[in-house]
Amino acid sequence: MRLRASPRRQSTMSRIPRLLLPHIAVVVIVVVTDAFSPGASSTLVNLSPAVDRGDVYAMSEWAANYGGVQQAGGVGLTSYDGYDYFQATQLDMPAGTCITYVPSDLVISSSKALREFGKTLSSCEKRLTKAGVSPDAVPLFRVFFKILAEYEKGDQSPWFPWLDSLPKSYNNGASMTYDCFDILPPYASYCAMQDRLNLLNFQKAVRPLGGPSEAPFGPNVLEDEEVLKWAYNVARTRSIEADGDCFIAPMCDMFNHGANPEAEVTYDPNTGDCYAYAIIDVPAGSPLRISYSDPTNTTPLFANYGFLDDSAPGTFCKLLNMLKEMEELGYGFSDLLFYKDGDISPGVYDVVLYHVLKKGDDPGLAQGFYQATMNGDVSTKAQYQEIYWPYTKEELLNHVNGMIDDIERSARTARSYDLNTHPRVPLILQHNSFVRDTFVQVKSYLDNM
């Protein structure tokens, strides 16, 4: 979700027209003068570890009264713990209802950031390219850049009430210590490390080693790793990608994740407006959730967003030593799942058998199975699976038993950590228990086959 700022500083937050949609509570919009100037003194967002987050309800009022955000009747923010706030409805909501409308002026987007910062942003992006960062990460980097710019303006930024309301600490991979990585299962460690490497590359792009920065930020931003990490986490955990753009829409970023979501967020690239719609009939008293990513595999959500979705049906089978076989057979991580009830995705059997055959003395066997898989020859594949099932089962059980042992060993190590130094350990243990319990069920299923 993104906000469009012109190359020169906007002097006002534009007046938003009334949105006369069914179920939408219309609000009166006030024009706000932006008093920011380069020399103006300002109060920065307090990123102290002692501060969990700012006033979320004040942010909600700001979004409606000054930003032009409109919400359907009965929709509002709620919290069970005073920290995690989310959208919910107190009224029955039919499918198709427009839940939230966020006007373009309030949306932060990668395309707007590029127009606003132009050459300086492009120069920093070249450093990303040299570092080997995927072009897919560039839109996120632009949002990160915009967040830094608005943070530096402090309370002179139109987005200050929103920025101040956000969490100050996160549990995703970018925030983990190296001790945290030591107690993660291999796939979780892989996903979390990708997030951390992304952060480090973003930092180097705006604050290069051995040379001046081309980013238009002062030392209070460039020399503060906590500021850079916080801005990255805001961009990473609150943005949505659509049609090559990456955007943050305040209030539309308050929908929690759900494996079976009640809503979806859409972005109009022509107007820059953002909408959230109910995609099913939602009864009163229900949370309103969207899907952040593939709901069948909880580990990427854990690594990228810093929470565990224990409603997920399963997890990737962790066969990281068979990535080449996965690629050759055309499978992705979400195709190779172990389920909480012990069931196993069909693709797992294919990858493991292919791995076993490739290790054998007759390369023709592996090639024959590969051709049968690529050609969709179900009958031939079944013959291979039946003949070599004892070897497939043995390979799978060795993997499952090894993973269970590793997780139990990591749990013993984790319990020796000081939680004041490693506050993310409880969440990591919760994630690891989810994986272990799933693998125990798979082991029981295999033992009885």
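A salt bridge, as the term is used here, is a side-chain nitrogen of Lys or Arg within 4 Å of a carboxyl oxygen of Asp or Glu. With that in mind, look over the model above, which is a predicted one. Searching the whole structure turns up 19 salt bridges. Let's walk through a few of them, and then stop at a glutamine.

Start with R127 and E214. These two make a salt bridge, and their closest N and O atoms sit 3.7 Å apart. Now find where each residue lives: R127 belongs to helix α2 (residues 110-130), while E214 is in the loop between α6 (186-206) and α7 (219-222), so this pair ties together parts of the chain that are 87 residues apart in sequence. How open are they to the outside? R127 is partly exposed, at a relative accessible area of 31%. E214 is partly exposed too, with 39% relative accessibility.

Next, move along to helix α3. Here the side chains of K146 and E150 join in a salt bridge, with 2.7 Å from N to O. Both residues lie in helix α3 (residues 138-152), and because they are 4 residues apart there, about one helical turn separates them. K146 is buried, and E150 is buried as well. There's a bit more going on around this pair: E116, K146, E150 and K153 are linked in a network of salt bridges.

Further down the chain, pick out E395 and K359. They form a salt bridge as well, with the closest N and O atoms 3.2 Å apart. This is another link between distant parts of the chain: E395 is in helix α14 (residues 389-414), K359 is in helix α11 (residues 346-359), and the two are 36 residues apart. Are the two partners buried or exposed? E395 has a relative accessible area of 19%, so it counts as buried, since the cut-off is under 20%. K359 has 51%, and because exposed means over 50%, this lysine counts as exposed.

Finally, turn to the glutamine, Q71. You'll find Q71 in strand β4, which covers residues 70-72. Q71 is buried, with a relative accessible area of 14%. Which side chains does the side chain of Q71 touch through polar contacts? One is the side chain of Q87, at 3.1 Å. Another is the side chain of T100, at 2.4 Å.

Technical notes:
Residues are numbered from 1 along each chain as its sequence is written. This is a predicted model: local features need pLDDT of at least 70, side-chain atom pairs count only at pLDDT 80 or more; totals for chains, interfaces and linings use all residues. Side-chain values use heavy atoms; hydrogens and water are left out. Buried means under 20% relative accessible area, exposed over 50%, partly exposed in between (1.4 Å probe, protein chains only). A polar contact is a pair of N or O atoms within 3.5 Å; within protein, one must be able to donate a hydrogen and the other to accept it, and residues adjacent in sequence count only if both atoms are side-chain atoms.
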